[in-house]
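Subject: The structure you asked about

Hi,

Here is the structure, so you can open it alongside this note. My notes on what turned up follow right below it.

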Amino acid sequence: FDFKKCRQVRTPYVGSVEWYCEPVTPLRLDEQARFRRLVGRLLRIRAARPDLAFAIKELCRDVLRPTARSELALKRCLCNLKTTRDYVLQLRWDPQATPLEATQVIGDAVWEPAGGKCSTSGMVVRRQGFPILFWGKTQPGYALRSAESRCDAMVSGVLEAKKIEMI
């Protein structure tokens, strides 16, 4: 990829938007190898860039059989990375946090009503204001409604918070 001419993009991934290419057009073998290599490199920086977690998770879903649409999504993520390369993740501890605020879970879910995909959850777990865990992952089952998808995400977040409080 030639990213010297890469335009600035504000978001690393665009879901639920029609792409301008045929979704099932498979990449050539050399393009597949490059796609997998670049997604692997993105996985290495994911811990330092929670803003990319969802995009990287979605790219990982396509690693087995990347298509032209997968490649466009990868290019967008990399252009966003170039746009935001000077961003700094600031971790702050809040010693004034009350016990009620000691462990906080912030999350959301995206329901996938069609296309044979499971819904996606994203969470950040903070302990006294300090982010200690984050993830974006595919939910294990198919949710029939948006409320069910969000309930699954909420339960998952509470379970993770309880594990952290036991430490």
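Let me start with how the chain is wired. Among the contacts in the protein chain with a separation of 6 or more, 66% are between residues 24 or more positions apart. Keep in mind that this is a predicted model.

As for the layout, the protein chain has 4 helices and 3 strands, and along the sequence they come in the order α-α-α-β-β-β-α. Of its 167 residues, 32% count as buried. The accessible surface is about 11,300 Å², and carbon and sulfur atoms hold 57% of that.

**The helices at the start**

Helix 3 (residues 68-83) is a good place to look. With 16 residues, helix 3 spans 23 Å from first C-alpha to last, close to the 22 Å expected at 1.5 Å a residue. Its buried residues include Ala68, Leu74, Cys77, Leu78 and Leu81, but also Ser70, Glu71, Arg76 and Asn80. What do the buried residues of helix 3 pack against? Their partners are helix 1 (29-45) and helix 2 (53-61).

That fits with the largest nonpolar core, which has 14 residues. Phe35, Leu42, Leu59, Leu74, Cys77 and Leu78 have the most contacts inside this core. Helix 1, helix 2 and helix 3 each put in at least two residues, and helix 3 gives the most, with 5. There is also a second, separate core of 6 residues, with Ala109, Met123, Trp135 and Ala153 among them.

There is 1 aromatic pair in the structure. It is made by Tyr13 and Phe54, whose ring centres are 5.5 Å apart and whose planes meet at 80 degrees, so it counts as edge-to-face. Because Tyr13 sits in the segment before helix 1 and Phe54 in helix 2, the pair ties together parts that are 41 residues apart in sequence. Is Phe54 buried, partly exposed or exposed? At 33% relative accessibility, Phe54 is partly exposed.

**The strands**

Strand 1 (residues 103-110) and strand 2 (residues 120-127) run antiparallel and are joined by 8 bridges. One pairing to find on screen is Val105, whose bridge partner in strand 2 is Val125. Strand 2 is also joined to strand 3 (residues 130-138) by 8 bridges, again antiparallel. On that side, Met123 stands opposite Trp135 of strand 3; both residues belong to the second core mentioned above.

Strand 2 and strand 3 make a hairpin with 2 residues between them, and Gln128 in the turn has a positive phi of about 50 degrees. A general point for when you look at the side chains: in a regular strand they alternate between the two faces of the sheet.

**A glutamate to look at**

Finally, have a look at Glu160, which is in helix 4 (residues 146-166). Is Glu160 buried or exposed? Its relative accessibility is 18%, and the cut-off for buried is under 20%, so Glu160 counts as buried. Which residues does Glu160 touch, leaving out those up to four places away in sequence? They are Val125, Leu133 and Trp135. Two of these names have come up already: Val125 as the bridge partner of Val105, and Trp135 as the residue opposite Met123.

Shout if you would like to go through any of this together.

Cheers

Conventions. Residues numbered from 1 in each chain as written. Predicted model: local features only at pLDDT ≥ 70, side-chain atom pairs only at ≥ 80, totals over all residues. Heavy atoms only, no water. Buried < 20%, exposed > 50% of the residue type's maximum accessible area, 1.4 Å probe, protein only. Contact = heavy atoms within 4.5 Å. Pairing = 2+ DSSP bridges. Expected span 1.5 Å × (residues − 1). Areas by Shrake-Rupley, 256 points an atom, 1.4 Å probe, with all protein chains shown as cover. Phe/Tyr/Trp six-rings, centres within 6.5 Å; stacked < 30°, edge-to-face > 60°. Core = buried A, V, L, I, M, F, W, Y, C linked by side-chain atoms within 4.5 Å.
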